[in-house]
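Thank you all for coming. Please look at the sequence and the structure on the screen while I talk, and stop me if a term is unfamiliar.

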Amino acid sequence: HFALQFPNATDSLSHYDTPSVKIKKNLLCRIHENGEWFAIRTDFDSRNRFLEQYPESCFITPHYKDYPYVCVYTNNYTTELIKEILQTGYLAITEKKKK
């Protein structure tokens, strides 16, 4: 699981007891309760880029529109894409803490 490689990353349960990974108490990613996609923390600029560059993998739901997350289909992504999104999310969480 790529998300667990980050410092302070822990396995957790999130909404509806779905598997998730948190950095300290901040949600980095979780699998949606339908099992068809992940919600992964990012920042809004990166999210826009992911949505534009990877429309076959990345999307957004109305629920996440106002939050810095991108949704990724569980059956249509590359390892490189997931690692890149997770990195932006990790940085967004850890940089926020420094401010």
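Before I place any residue, one term is needed: a strand here is a DSSP run of type E with at least two residues, and the strands are numbered from the N terminus. With that in hand, I can say that Tyr-73 has its place in strand 6, and please keep in mind throughout that this is a predicted model. Tyr-73 counts as partly exposed, because its relative accessible area is 33%. Along the sequence Tyr-73 and Glu-56 are 17 residues apart, while in space their C-alpha atoms are 8.4 Å apart.

Let me now turn to the sheet that strand 6 belongs to. How many strands does the open sheet have, and in what order do they come? There are six strands, in the order 1-2-3-4-6-5, and the pairing is antiparallel. The edge strands are strand 1, residues 9-13, and strand 5, residues 58-59, each of which pairs on one side only.

At one edge, strand 5 pairs with strand 6, residues 69-73, in the antiparallel sense, and this pairing runs over two bridges. If you look for Cys-58, you will find that its bridge partner in strand 6 is Val-72.

At the other edge, strand 1 and strand 2 pair in the antiparallel sense over five bridges, and there Ala-9 has Ile-23 in strand 2 as its bridge partner. These two strands form a hairpin with five residues between them, and in the turn Tyr-16 has a positive phi of about 55°. The next pairing, between strand 2 and strand 3, is again in the antiparallel sense and runs over four bridges, with Lys-22 standing opposite Leu-27 in strand 3. Strand 2 and strand 3 also form a hairpin, this one with two residues between them. As a general point for reading such a sheet, the side chains in a regular strand alternate between the two faces of the sheet.

The loops beside these strands deserve a slower look. Asp-17 is found in the loop between strand 1 and strand 2, and it has a positive phi of about 60° although it is not a glycine. Is Asp-17 buried or exposed? Asp-17 counts as exposed, because its relative accessibility is 58%. Lys-24, which lies in the loop between strand 2 and strand 3, has a positive phi of about 55° although it is not a glycine either, and with a relative accessible area of 58% Lys-24 is exposed.

Thr-18 is found in the loop between strand 1 and strand 2, yet at 5% relative accessibility Thr-18 counts as buried. What does the side chain of Thr-18 reach at 2.8 Å? It reaches the backbone oxygen of His-15, and the side chain of Thr-18 also makes a polar contact with the side chain of Arg-30, at 3.0 Å.

Both His-15 and Arg-30 appear again in the lining of the second largest pocket, where the residues include Tyr-16, Leu-27, Trp-37 and Tyr-69 as well. About 180 Å³ of space lies in this pocket, and the residues of its lining divide into six nonpolar, four polar and two charged.

Next come the cysteines. A disulfide, in general, is a covalent bond between the sulfur atoms of two cysteines, and this structure holds zero of them. Why does Cys-29 have no bond to the closest cysteine sulfur? The closest cysteine sulfur, in Cys-71, is 12 Å from the sulfur of Cys-29, which is too far for a bond. For Cys-71, the closest cysteine sulfur is in Cys-58 at 9.0 Å, and that is also too far for a bond, given that a disulfide needs two sulfur atoms within 2.5 Å. Cys-29 counts as buried because its relative accessibility is 7%, and Cys-71 is buried with a relative accessible area of 0%.

Finally, let us leave the sheet and look at helix 2, residues 79-98, in which Leu-91 lies. Leu-91 counts as partly exposed, because its relative accessibility is 38%. Leu-91 and Tyr-16 are 75 residues apart along the chain, and their C-alpha atoms are separated by 26 Å.

That is where I will stop, and I am happy to take questions.

Conventions
Residues numbered from 1 in each chain as written. Predicted model: local features only at pLDDT ≥ 70, side-chain atom pairs only at ≥ 80, totals over all residues. Heavy atoms only, no water. 1 Å grid on protein atoms, 1.4 Å probe; cavity = no way out; pocket = protein on both sides within 12 Å on 5 of 7 lines; lining within 4 Å. Points joined across faces, edges and corners; volume = space filled by probe spheres on them. Nonpolar A, V, L, I, M, F, W, Y, C, P; charged D, E, K, R; others polar. Pairing = 2+ DSSP bridges. Buried < 20%, exposed > 50% of the residue type's maximum accessible area, 1.4 Å probe, protein only. Polar contact = N/O pair within 3.5 Å; in protein donor to acceptor, adjacent residues only side chain to side chain.
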